[in-house]
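User: I've got this one open and would like to go through how it is put together. Can you take my questions one at a time?

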Amino acid sequence: MWPFGKSTADRVKEALDAQPRLQGLGLQVQERGGNVTVTGMVPNSRYNNLVRVIAEGINGVKSVDVSGLVAQEAAAPAPASPTAQSVPATPQTMDAPQVSMADPQAQNDEILQEIEDSSRVAKAVHQAIRNNGELADDPIDVLQSGKSVILRGVVDNDHELRLAEKIARGVEGVAGVDVSGLKVAAGAKELAKEKDQDSGDTVYTVKAGDSLSAIAQKYYGDAMEYKKIAHYNNISNPDLIQPGQKIKIPG
């Protein structure tokens with residue numbers, strides 16, 4: 001069950017891949033202690049801001065480093081060497097190509113700016129939710145879809161779900177709010193509270209009477225997923241876990 005079993009890096013990558021302008025770029029995401037690093041190739045440097053604002057809408061992200069993004073901007077062709085046979089171009093023939101080449105770039109910049117503005121709205125919604133005392137510890141991500149935002153994650157009860165939607169609708173620039181990906185699960189705050197500083201994985205501390213199957217049921221809604229937990233934590237005997245033992249919940 002989302003967001004359990006998905007690291008911060010996984011959720012940032014999903015958010016980036018959900019943006020049509022970033023699909024197919026194969027961007028790589030790493031995270032340590034809430035500090036996210038995104039690397040890869042992008043069409044031009046304007047994409048850096050787009051990547052940053054999208055990542056900042058993900059719960060658990062403290063900072064975003066995009067210095068590893070490499071822009072593939074086409075280099076301007078070198079001017080031809082003048083020759084004795086060269087015929088000077090008239091002002092009309094020089095101006096026409098410049099107009100036709102500039103328009104696509106200007107249109108692309110406008111589209112990127114609109115997407116950036118929408119993503120900043122999603123970031124503002126995320127911050128508003130974090131600033132609310134009841135919702136501050138709930139694992140909620142905010143994604144952008146046009147002029148609307150998508151809330152995705154889990155809250156403790158129906159009241160918190162309605163509150164999250166109300167807060168999102170109250171942020172300037174939000175045209176609509178999709179809460180279909182926001183689930184209700186009692187004890188969500190407690191289950192998602194502890195994170196591994198290196199991997200960003202959710203960490204569960206074993207209590208007396210726990211079993212891996214019961215832990216799997218809590219996080220995935222499927223007791224048979226205990227095998228995944230055992231394998232991820234190198235537990236050779238799933239029946240032998242000890243109170244106080246810390247177990248990572250894999251994606």
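Analyst: Sure, and one term up front: a nonpolar core here is a set of buried Ala, Val, Leu, Ile, Met, Phe, Trp, Tyr and Cys residues joined through side-chain atoms within 4.5 Å. Keep in mind that this is a predicted model.

User: Which helix or strand gives the most to the largest nonpolar core?
Analyst: That core has 21 residues, and V12, L16, V38 and V51 touch the most other members. At least two residues each come from α1 (8-17), β2 (35-42), α2 (46-55) and β3 (63-71). The top contributor, with five residues, is α2.

User: Which residues does V51 touch, leaving out those up to four places away in sequence?
Analyst: V51 is among the residues that touch the most other members of the core. With residues up to four places away left out, its contacts are L16, L22, L27, V38, V66 and L69.

User: How many residues are in the second, separate core?
Analyst: Nonpolar side chains tend to be buried together in soluble globular proteins. Here a second core stands separate, and L161, L163, V171 and L182 are among its members. Its size is 20 residues.

User: Which strands are at the edges of the sheet ordered β1-β2-β3?
Analyst: This is an open sheet of three strands with mixed pairing. β2 and β3 pair in the parallel sense over seven bridges, and N35 has S63 as its bridge partner in β3. The strands that pair on one side only are β1 (28-32) and β3.

User: At about what angle does α2 run to β3?
Analyst: Two helices are worth looking at here. α1 packs on the sheet, touching β1 and β2, and its direction makes about 145 degrees with that of β1. α2 lies across β2 and β3, and its angle to β3 is about 150 degrees.

User: Why do β4 and β6 each have one side without a neighbour in their sheet?
Analyst: The open sheet runs in the order β4-β5-β6, with mixed pairing. β4 (140-145) and β6 (176-184) stand at its edges, so one side of each lacks a neighbour because each has a single partner strand.

User: In β5, what is the bridge partner of L143?
Analyst: β4 and β5 (residues 148-155) run antiparallel and are joined by six bridges. In β5, L143 is matched with I150.

User: What angle does the direction of α4 make with that of β6?
Analyst: α4 (residues 158-169) packs on this sheet and touches β4, β5 and β6. Its direction relative to that of β6 makes an angle of about 160 degrees.

User: How many residues apart in sequence are the parts tied together by the Y204 and Y219 pair?
Analyst: A search of the whole structure turns up one aromatic pair. Y204 and Y219 form it edge-to-face, at 6.0 Å centre to centre and 80 degrees between the planes. Y204 belongs to strand β7 (residues 202-205) and Y219 to helix α6 (residues 212-220), so the pair ties together parts whose separation is 15 residues.

User: Are Y204 and Y219 buried or exposed?
Analyst: Under 20% relative accessible area counts as buried, and over 50% as exposed. By that cut-off, Y204 and Y219 are both buried.

User: What share of the contacts with a separation of 6 or more is between residues 24 or more positions apart?
Analyst: The chain has seven helices and eight strands, and buried residues make up 41% of its 251 residues. For contacts with a separation of 6 or more, the share from residues 24 or more positions apart is 63%.

Methods: Residues are numbered from 1 along each chain as its sequence is written. This is a predicted model: local features need pLDDT of at least 70, side-chain atom pairs count only at pLDDT 80 or more; totals for chains, interfaces and linings use all residues. Side-chain values use heavy atoms; hydrogens and water are left out. Buried means under 20% relative accessible area, exposed over 50%, partly exposed in between (1.4 Å probe, protein chains only). Helices (H or I, at least four residues) and strands (E, at least two) are DSSP runs, numbered from the N terminus. Contact means heavy atoms within 4.5 Å. Rings of Phe, Tyr and Trp (its six-membered ring) pair if their centres lie within 6.5 Å; planes under 30 degrees apart count as stacked, over 60 as edge-to-face and the rest as tilted. Two strands pair if DSSP finds at least two bridges between them. Axes are lines fitted to C-alpha atoms, for helices over the stretch in contact, and angles run from 0 to 180 degrees between N-to-C directions.
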